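Work through the following exercises with the structure open beside you, and try each task before reading its solution.

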Amino acid sequence: MPIELRSWINPQSYSNSYSTAGIAREAAYFTPVPEPVTADPEYISSEAREYEAAGYDSSIIPQSATWPDVTVTAAWALAHTRRLSIVLAHRPGTQAPTAAARAVATLDRVSEGRTGVHLILGSAGGSDLPRDGDHADREERYRRAAEYLEIFTGVLTRDEPFDFDGEFYRVRGAFSGVKPVQRPRPVISLPAESEQAVELAARHGDVLAFHGTSRAKVAAKIAQARQAAPGRELRFWINLNMIAGETDEQARQHVRDLEQAIRRLQEYRSGQRGGIRSIREDRFADLGAADGQWEDDVLYLGLTALSRATPALVGSPSTIADAVLAYHELGVGVVTLGSHVTSERDADLRRQTLRLIRQAVTVRDAAPGRAA
């Protein structure tokens, strides 16, 4: 089974900090971005090119009701890369499914098949959906998303106009003259963190996404999803950060230094206007210092408790590669490894890690008796 290594592209830099030192900029990466957020075209294009050169396969553009438009940001990143795929975080309900499908089809066409879509539905609390005029409750959002996806995929794949009548949408003659390069359509991923989400993702998605957690919990989530979609070939995606050092101890010491930098940054930003919590931040909001900080001896939750950052794999390149390989063995085919390098040494450690992961997966998949 191949592996897809993914990064994040934000629309502006992480330099809004108390210092220009590398550790301060890295602390900003692991801390929620304060508002307002603007679009920095040079930063977007340079980040996209950097991730492509580092060996990532794809990058995701995050969504927020006050942030720059995801589709435009994605188009800019695609225009400045040749190989990197770009995944758009997209919220059903803030745009007509017909218009969204045409936009995605157009992006996929002009990028020669390098576009994907990740649907997000909002969390139970802390969401900024009302800023876009969306006041649907959780149950309504899931019912609406099912209709949305039926129309969205129909516009991407059908060769003739079609009608649709539902609770939330009623369309006549829906059709797009522009079709995506990828057939039957670009990959669609959905979160799978609840029973409702798993059911929706298993019916309409190609890839099911999980927040960073232990291997045992990931194995249980995959089993639940496969049970909900018998006979379907689903892929699975886990969201992680990584902090690499030349040795495991050096990586752990860097984490300790980073925690101090994050605390200084939080004090510096105490008077600034913060944004409404993202879905990811909301997921980790109740994680406290009393919770276990390490899972599987490599997945660190300390930064998550401190700043609601995505959990991080911490260690040498070989240690992180082994951890990713263990997730891959469970059936995870897409792995986000977010990182923010501030020196050539950091960049080299990241390249080493990605290269080791890819080499290990290639060797294992080539072994006799292994399924592709």
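Helices and strands are here DSSP runs, a helix having at least four residues and a strand at least two, and they are numbered from the N terminus. Keep in mind throughout that this is a predicted model.

**Exercise 1.** Find where R82 is placed, and decide whether R82 is buried or exposed.

Solution. Begin with the neighbouring elements: R82 lies in the loop that runs between α3 (70-79) and β3 (85-90). Next, take the relative accessible area of R82, which is 78%; since exposed means over 50%, R82 counts as exposed. Finally, look at the contacts, where, leaving aside residues up to four places away in sequence, R82 touches E52 and R114.

**Exercise 2.** Describe the largest nonpolar core, and say which helix gives the most to it.

Solution. The largest nonpolar core has 75 residues, and those with the most contacts inside it are Y56, F152, L313, V335 and L337. Helix α5 (residues 138-157) gives the most to this core, with nine residues. To see one member in its surroundings, select F152, which touches P97, A100, A101, V104, V117 and I188 when residues up to four places away in sequence are not counted. Another core, of 18 residues, lies apart from the largest one, and among its residues are F30, V255, I262 and L303.

**Exercise 3.** Work out how α11 and α12 are arranged relative to each other.

Solution. First, note that helix α11 (residues 317-330) and helix α12 (residues 344-366) pack at an angle of about 40°, with their axes 9 Å apart. Then compare this angle with the cut-offs: angles under 35 degrees count as roughly parallel, and 65 to 115 as roughly perpendicular, so α11 and α12 are oblique to each other. Their crossing is right-handed. Last, examine the contact itself, in which residues of α11 including I320, V324 and L325 meet residues of α12 including L349, L356 and I357; the residues of this contact divide into 10 nonpolar, four polar and three charged.

**Exercise 4.** Locate the residues E112 and R308, each with a positive phi, and the cis peptide bond before P184.

Solution. Recall that most residues other than glycine have a negative phi, and that most peptide bonds are trans. Phi of E112 is near 60°, and E112 sits in the loop between α4 (97-110) and β4 (115-119), where E112 is exposed at 67% relative accessibility. Phi of R308 is near 65°, and R308, in the loop between α10 (302-307) and β12 (312-315), is partly exposed, with a relative accessible area of 26%. The cis peptide bond joins R183 and P184, with omega about 5°, and P184 is placed in the loop between β6 (170-174) and β7 (188-191).

Conventions: Residues are numbered from 1 along each chain as its sequence is written. This is a predicted model: local features need pLDDT of at least 70, side-chain atom pairs count only at pLDDT 80 or more; totals for chains, interfaces and linings use all residues. Side-chain values use heavy atoms; hydrogens and water are left out. Buried means under 20% relative accessible area, exposed over 50%, partly exposed in between (1.4 Å probe, protein chains only). Contact means heavy atoms within 4.5 Å. A nonpolar core is a set of buried Ala, Val, Leu, Ile, Met, Phe, Trp, Tyr and Cys residues joined through side-chain atoms within 4.5 Å. Axes are lines fitted to C-alpha atoms, for helices over the stretch in contact, and angles run from 0 to 180 degrees between N-to-C directions. Angles under 35 degrees count as roughly parallel, over 145 as roughly antiparallel, 65 to 115 as roughly perpendicular and the rest as oblique. A crossing is left-handed if the near helix is turned anticlockwise from the far one by less than a right angle, and right-handed if clockwise. Ala, Val, Leu, Ile, Met, Phe, Trp, Tyr, Cys and Pro count as nonpolar, Asp, Glu, Lys and Arg as charged, and the others, Gly among them, as polar.
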